[in-house]
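Me: I have a model open and want to go through it. Can you walk me through the main points?

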Amino acid sequence: MEKLKNYRPSEKEPFMNDRQRDYFRAKLLAWKDEILRESRITLQTLQEENVNHPDLADRASSETDRAIELRARDRQRKLISKIDAALQRIEDNTYGYCEETGEPISLKRLEARPIATLSVEAQERHEKREKVYRDE
């Protein structure tokens with residue numbers, strides 16, 4: 001991982017070469033580790049905060065905070081499965097290629113959203129279709 005410390009994927013090198021795959025694997029694993037660490041902290045905080053508030057307003061506020069935190073953790077759980085799917089795509093050499101067109105996804109997009117499965121163009125088409133069906 002140390003050799004990737006100052007590395008940034010470039011359009012000048014072959015797409016999804018070993019170095020780029022290693023870079024995105026490390027990026028995804030670090031992201032997953034951060035989410036898991038935050039989840040452990042949240043669980044620990046929720047367990048420690050299991051205080052019965054005598055004031056109804058305090059209790060309601062605490063329950064609302066807890067519900068929001070649990071919803072956020074649920075979203076992160078789903079994100080972890082997307083990260084795992086991206087890691088699997090790295091292993092089968094399909095990472096970085098659009099699921100719809102088979103074309104490479106831009107490195108800028110992968111840098112910003114390493115779990116992306118569609119190119120920007122395919123994503124835009126997908127969102128337009130989704131909007132049309134939602135509006136009907």
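**Annotation, salt bridges and pocket**

Reply: UniProt, in an unreviewed entry, lists residues 94–128 as "domain: Zinc finger DksA/TraR C4-type"; such annotations may be inferred rather than shown by experiment. This is a predicted model, where local features need pLDDT of at least 70, side-chain atom pairs count only at pLDDT 80 or more, and totals for chains, interfaces and linings use all residues. Residues are numbered from 1 along each chain as its sequence is written, and side-chain values use heavy atoms, with hydrogens and water left out.

Me: OK, salt bridges. How many does the structure hold?
Reply: Nine, counting a side-chain nitrogen of Lys or Arg within 4 Å of a carboxyl oxygen of Asp or Glu.

Me: Which residue does R21 pair with?
Reply: D18, with the closest N and O atoms 2.3 Å apart. The two are three residues apart in helix α1 (residues 18–48), so about one helical turn separates them; a helix here is a DSSP run of H or I, at least four residues.

Me: And which residues are linked in a network?
Reply: D22, R25 and E91. R25 bridges to D22 at 2.8 Å between the closest N and O atoms, and E91 to R25 at 3.1 Å. E91 is in helix α2 (residues 56–91) and R25 in helix α1, so this pair ties together parts 66 residues apart in sequence.

Me: Switching topic: what lines the largest pocket?
Reply: K82, R89, R109, R113, I115, A116, T117, L118 and Q123. Four are charged (Asp, Glu, Lys, Arg), three nonpolar (Ala, Val, Leu, Ile, Met, Phe, Trp, Tyr, Cys, Pro) and two polar (the others, Gly among them).

Methods: On a 1 Å grid over the protein atoms alone, a cavity is a set of points where a 1.4 Å probe fits but cannot get out, and a pocket is an open set with protein on both sides within 12 Å along at least five of seven lines; lining residues have an atom within 4 Å of a point.
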